[in-house]
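Biologist: I am new to this structure and would like a close look at one part of it. Could you take me through its pocket and cavities, and then the elements worth knowing around them?

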Amino acid sequence: MQSGTQKKVGYLGPEGSYCEIAAQAMCSGAQLVPYANFYLIVNSLINGETDAAVLPIENTINGAVRQNIDLLQAHSGLSAVCQYTVKIDHRLFTLAGADRSGITRIYSHKQALDQCSEFISKNYPYAVTVATDSTSGALAMVNSPSYAAIAGVQCERSGLDMSPECISDEKNNYTHFLKVVRGGIPEDFRSERVFVSLTCPNVPGGLLKLLQIIYGFGLNMSEIESRPIKDKPGEYRFFVELEADYSSRKVKDALAELKKSTNSFRVLGCY
């Protein structure tokens, strides 16, 4: 378990991404290594190329970043050990001096395009939207006066004009990031939250029983997300975040009781 200082940390690049902001905050002093997509970030950690990975896990507008939840679930040798929240401030970027009324194509990460869909529909209803691997990477596609990109305010640079105001449909927009490392969680690891995945018997009241266990131990469930199990049509895996100190005896007992009552159970992280 590498919950301390990391020498190399993978994040979704290029430089200037929201992921880099989170990585700088959670991994001060580490060498930050940009990758083109989340699969490459996780593989770099598994293969030992990096000591930690920083992944967005949830956005207050779009909800869970399901790809990254699935990646964390798929690799039992990885654990989340730290959380950080970044305020999202999307801006529209064009070539310097370009006439914004003539925009025909808008590039950005799918999440950002979704988060600015109302702005795009209202101002550029006929523009083609093109998903890119990251918001900051979308800026490289702005090579025509009729092209634009959506990226963070921190991406301001020479040669590009940036909209003076945030263009997100919801201005109070935040993304939660997790720092993920190799190894399990030490028994004495102190935390404010515990993140688990579980599957319950597919019978009436199966999930209710698990919720009653959580209630019985006096734990607050801050989040629950369901994902279909790919090779079992009609069955679901639940991802649950609890407000809990993993080092607490009561919490250990609650987790043990949950494990007894589920078909599968795993602690994905504590932070």
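Modeller: Happy to: what follows goes from the open pocket to the cavities, then to a helix and a sheet. Please keep in mind that this is a predicted model.

Let us begin with the largest pocket, whose volume is about 200 Å³. Its lining is made up of Asp70, Gln73, Ala74, Arg227, Pro228, Ile229, Lys230, Arg237 and Phe239. If you want to find these residues by element, look at helix H3 (66-74), strand E13 (220-228) and strand E14 (236-243), each of which gives the lining at least two residues. H3 provides the largest share, with three residues. Sorted by class, the pocket lining has four nonpolar residues, one polar residue and four charged residues.

Now for the cavities. With 30 Å³ as the lower limit, the structure holds two of them. The largest cavity has a volume of about 270 Å³. Its lining counts 18 residues, and those nearest the centre are Tyr18, Pro56, His109, Gln111 and Thr135. Four elements each contribute at least two lining residues: helix H1 (18-26), strand E3 (52-59), helix H4 (110-115) and strand E11 (174-182). Among the contributors, H4 has the largest share, three residues. The classes are worth a glance here: nine residues of this lining are nonpolar, nine are polar and none is charged.

The second largest cavity has a volume of about 40 Å³. Around it you will find Leu198, Leu207, Leu210, Leu211, Ile214, Met221, Ile224, Phe238, Val240 and Leu258. Helix H7 (206-216), E13 and E14 are the elements that give two or more residues to this lining. You have met two of those names already, as E13 and E14 also each supply at least two residues to the lining of the largest pocket. For the second largest cavity, though, the largest share comes from H7, with four residues. The lining here has ten nonpolar residues, with no polar and no charged ones.

H7 deserves a closer look of its own. Its buried residues are Gly206, Leu210, Ile213 and Ile214. These residues lie on the same side of H7, because they cover an arc of only 100 degrees around the axis. As a rule, an α-helix has 3.6 residues a turn, so residues three or four places apart point the same way. On the other side of H7, you can see Tyr215 and Gly216, which are exposed. Two of the buried residues, Leu210 and Ile214, also belong to the lining of the second largest cavity.

Let us finish with a sheet. Strands of a sheet pair through backbone hydrogen bonds, either parallel or antiparallel. This sheet is open and has five strands in the order E8-E7-E9-E6-E10, with mixed pairing. Its edge strands, strand E8 (128-132) and strand E10 (160-162), each pair on one side only. On average, neighbouring strands in this sheet are turned by 30 degrees against each other, ignoring direction.

Strand E9 (residues 147-152) has five of its six residues buried, so E9 is largely enclosed by the rest of the structure. On one side, E9 pairs with strand E6 (residues 90-95) in the antiparallel sense, over five bridges. To trace this pairing on your screen, find Leu92, which stands opposite Ile150 in E9, and Phe93, which stands opposite Ala149. E9 also runs parallel to strand E7 (residues 105-109), with three bridges joining them. There, Tyr107 has Ala149 of E9 as its bridge partner. That makes Ala149 a handy landmark, with Phe93 opposite in the one pairing and Tyr107 as partner in the other.

E6 is mostly covered too, with five of its six residues buried. Besides its pairing with E9, E6 is joined to E10 by three bridges, and these two strands run antiparallel. You can pick out this contact at Thr94, which stands opposite Asp161 in E10.

Conventions:
Residues are numbered from 1 along each chain as its sequence is written. This is a predicted model: local features need pLDDT of at least 70, side-chain atom pairs count only at pLDDT 80 or more; totals for chains, interfaces and linings use all residues. Side-chain values use heavy atoms; hydrogens and water are left out. On a 1 Å grid over the protein atoms alone, a cavity is a set of points where a 1.4 Å probe fits but cannot get out, and a pocket is an open set with protein on both sides within 12 Å along at least five of seven lines; lining residues have an atom within 4 Å of a point. Grid points are joined across faces, edges and corners, and a volume is the space filled by probe spheres set on the points. Ala, Val, Leu, Ile, Met, Phe, Trp, Tyr, Cys and Pro count as nonpolar, Asp, Glu, Lys and Arg as charged, and the others, Gly among them, as polar. Buried means under 20% relative accessible area, exposed over 50%, partly exposed in between (1.4 Å probe, protein chains only). Two strands pair if DSSP finds at least two bridges between them. Axes are lines fitted to C-alpha atoms, for helices over the stretch in contact, and angles run from 0 to 180 degrees between N-to-C directions. The arc is that of the directions from the helix axis to the C-beta atoms.
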